[in-house]
Amino acid sequence: MNRIKIAWRAALALAAATLAQGTFAGQIGGSAHDFRNQAWGNGQICIYCHAPHHTDTTTTDAPLWNHEVTSQTYVLYDSATLDATVGQPGGLSKLCLSCHDGTVAPDSFGGTGGSAPTLSGSANLGNTLLDDHPIGFVYDTSLSTTDGSLHDPVATNVTIGSGGEQLSGTIQQRMLFNDRMECSSCHDVHNTFTADGGDMLVKVSQSGSALCLTCHNK
Ligand code: HEC
Ligand code: HEC
Ligand code: HEC
Ligand code: HEC
């Protein structure tokens, strides 16, 4: 076999192995949110967070939610220069915190309490959001005018993701939820439209701080 053939075979074998694991770029399979291989995983991908029926409707805007929701009250972000009015995280961010504040076991889904260890280390944000980028507030043209160094979310374009899957639109369309900043403004929980090869599930690359410069005019 010549060298090109060997290299080609190796590439095909690698691709086959990757597909067999369900690991391909731009997909939840193989990402940090693919729990199939956890001791508490049940072979499915979506079920820890969503179910088709009998879901939890106690959280505003939750999409067919199937995971126990956190009951924490959070210490909120504040600073002398903050212009936004930050409140308790509602809606979508609360869903993330239902695993990432370290109070609810990741296998508490389907209405049954879980017993797996709660998240620890840097993946556990705890109940103080004072040390985290603010979320849970309206980011509109008015805030960008008041602040003076934020891009207007309605007039500024952004491309989410890099490599395979990409999605373009304004900051408002692609990063805000009912005009609000949430965890999912910066992260794609499903790793569908992520940059940096899915590392940290960021929607725009951290290289050159492109993510930050999407909204901050610095
Ligand atoms: C780790 C938890 C988690 C897993 C696992 C998960 N999701 Fe989600 N999903 C969320 C959260 C949180 C939201 C709402 C925030 C957002 O859209 O970013 C959401 C939103 C959605 C939405 C509505 C918004 C959109 O993106 O279209 C759909 C549809 C969806 N998920 C489908 C799925 C499917 C299908 C799977 C399995 C292949 C899945 N999700 C796995 C957490 C999860
Ligand atoms: C302004 C953008 C932004 C917002 C909003 C945001 N994050 Fe992040 N987050 C990031 C970036 C960037 C990183 C990667 C940091 C690094 O590379 O060390 C990150 C990292 C993380 C990590 C991984 C930490 C680690 O070191 O393992 C978790 C978990 C996380 N974020 C959860 C959340 C949750 C939950 C929320 C909402 C409460 C949230 N993020 C809101 C930008 C954001
Ligand atoms: C069902 C529990 C669960 C939910 C809900 C959940 N996560 Fe996670 N997430 C995890 C686990 C478990 C990990 C892996 C933690 C570790 O490696 O220690 C993780 C890892 C991450 C990471 C690090 C990714 C990396 O590359 O290391 C980020 C960022 C993150 N989650 C953000 C979010 C955001 C944003 C939401 C909501 C939109 C969310 N998560 C919802 C359980 C969850
Ligand atoms: C989707 C838009 C968006 C992204 C992406 C984003 N930010 Fe922000 N950020 C905001 C908004 C809006 C505020 C609120 C500003 C205010 O009200 O003063 C804010 C607040 C802040 C603050 C606090 C300002 C203060 O006065 O206390 C800092 C610091 C900051 N962001 C840094 C960053 C960094 C660093 C990144 C990249 C990791 C980043 N931001 C990514 C929109 C964003």
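Me: What makes the approach of His-100 to ligand 3 a polar contact?
Reply: In this predicted model, a polar side-chain atom of His-100 lies 2.8 Å from a nitrogen atom of ligand 3. A polar contact is a pair of N or O atoms within 3.5 Å, so the pair qualifies.

Me: Which atoms of His-33 and ligand 3 are 2.8 Å apart?
Reply: An N or O atom in the side chain of His-33 is 2.8 Å from a nitrogen atom of the ligand. For Met-200 the partner is an oxygen atom of ligand 3, 2.8 Å from a polar backbone atom.

Me: Which elements give two or more residues to the shell around ligand 3?
Reply: They are α2 and α5. The most comes from α2, with four residues. The shell holds 19 residues, of which His-33, Cys-96, Cys-99, His-100 and Met-200 come nearest.

Me: How do the residues of that shell around ligand 3 divide into nonpolar, polar and charged?
Reply: There are 13 nonpolar residues, five polar and one charged.

Me: Why is the arrangement around the iron atom of ligand 4 called octahedral?
Reply: Six donor atoms surround the iron, and the angles they subtend run from 88 to 179 degrees. Six donors count as octahedral if opposite donors are over 155 degrees apart and all others between 65 and 115, and the arrangement is assigned octahedral on that basis.

Me: What are the protein donors of the iron atom of ligand 4?
Reply: They are His-133 (NE2) and His-216 (NE2), at 1.9 to 2.0 Å from the iron. His-133 lies in the loop between α2 (91-100) and β1 (137-138) and His-216 in the segment after α6, so the pair ties together parts that are 83 residues apart in sequence.

Me: Are His-133 and His-216 buried, exposed or partly exposed, and how do you know?
Reply: Partly exposed covers what is neither under 20% nor over 50% relative accessible area. His-133, at 49%, therefore counts as partly exposed. His-216, at 29%, is partly exposed as well.

Me: How do you know that His-187 is a donor to the iron atom of ligand 2?
Reply: NE2 of His-187 is 2.1 Å away from the iron. The limit for this metal is 2.8 Å, so the atom counts as a donor. The iron has this single donor from the protein, and His-187 sits in the loop between α5 and α6.

Me: Why is the pair of Phe-35 and Trp-40 called tilted?
Reply: The search of the whole structure finds four aromatic pairs. In the pair of Phe-35 and Trp-40 the ring centres are 5.0 Å apart and the planes stand at 45 degrees. Stacked needs under 30 degrees and edge-to-face over 60, so this pair is tilted.

Me: What makes Phe-35 and Trp-40 buried?
Reply: The relative accessible area is 15% for Phe-35 and 18% for Trp-40. Buried means under 20%, so both residues qualify.

Me: Why is the pair of Phe-35 and Tyr-48 called edge-to-face?
Reply: The ring planes are at 70 degrees, with the centres 5.6 Å apart. An angle over 60 counts as edge-to-face, so the label follows. Both Phe-35 and Tyr-48 are buried, and ring pairs link Phe-35, Trp-40, Tyr-48 and Phe-109 into a cluster.

Me: What is notable about phi of Asp-196 and Ser-209?
Reply: Phi is near 55 degrees in Asp-196 and near 55 degrees in Ser-209. Most residues other than glycine have a negative phi.

Key:
Residues numbered from 1 in each chain as written. Chains lettered and ligands numbered in written order. Predicted model: local features only at pLDDT ≥ 70, side-chain atom pairs only at ≥ 80, totals over all residues. Heavy atoms only, no water. Donors = N, O, S within 2.8 Å, 3.2 Å for Na, K, Ca; no water. Tetrahedral: all angles 85-135°; square planar, octahedral: opposite > 155°, others 65-115°. Buried < 20%, exposed > 50% of the residue type's maximum accessible area, 1.4 Å probe, protein only. Near = heavy atom within 4 Å. Polar contact = N/O pair within 3.5 Å; in protein donor to acceptor, adjacent residues only side chain to side chain. Nonpolar A, V, L, I, M, F, W, Y, C, P; charged D, E, K, R; others polar. Phe/Tyr/Trp six-rings, centres within 6.5 Å; stacked < 30°, edge-to-face > 60°.
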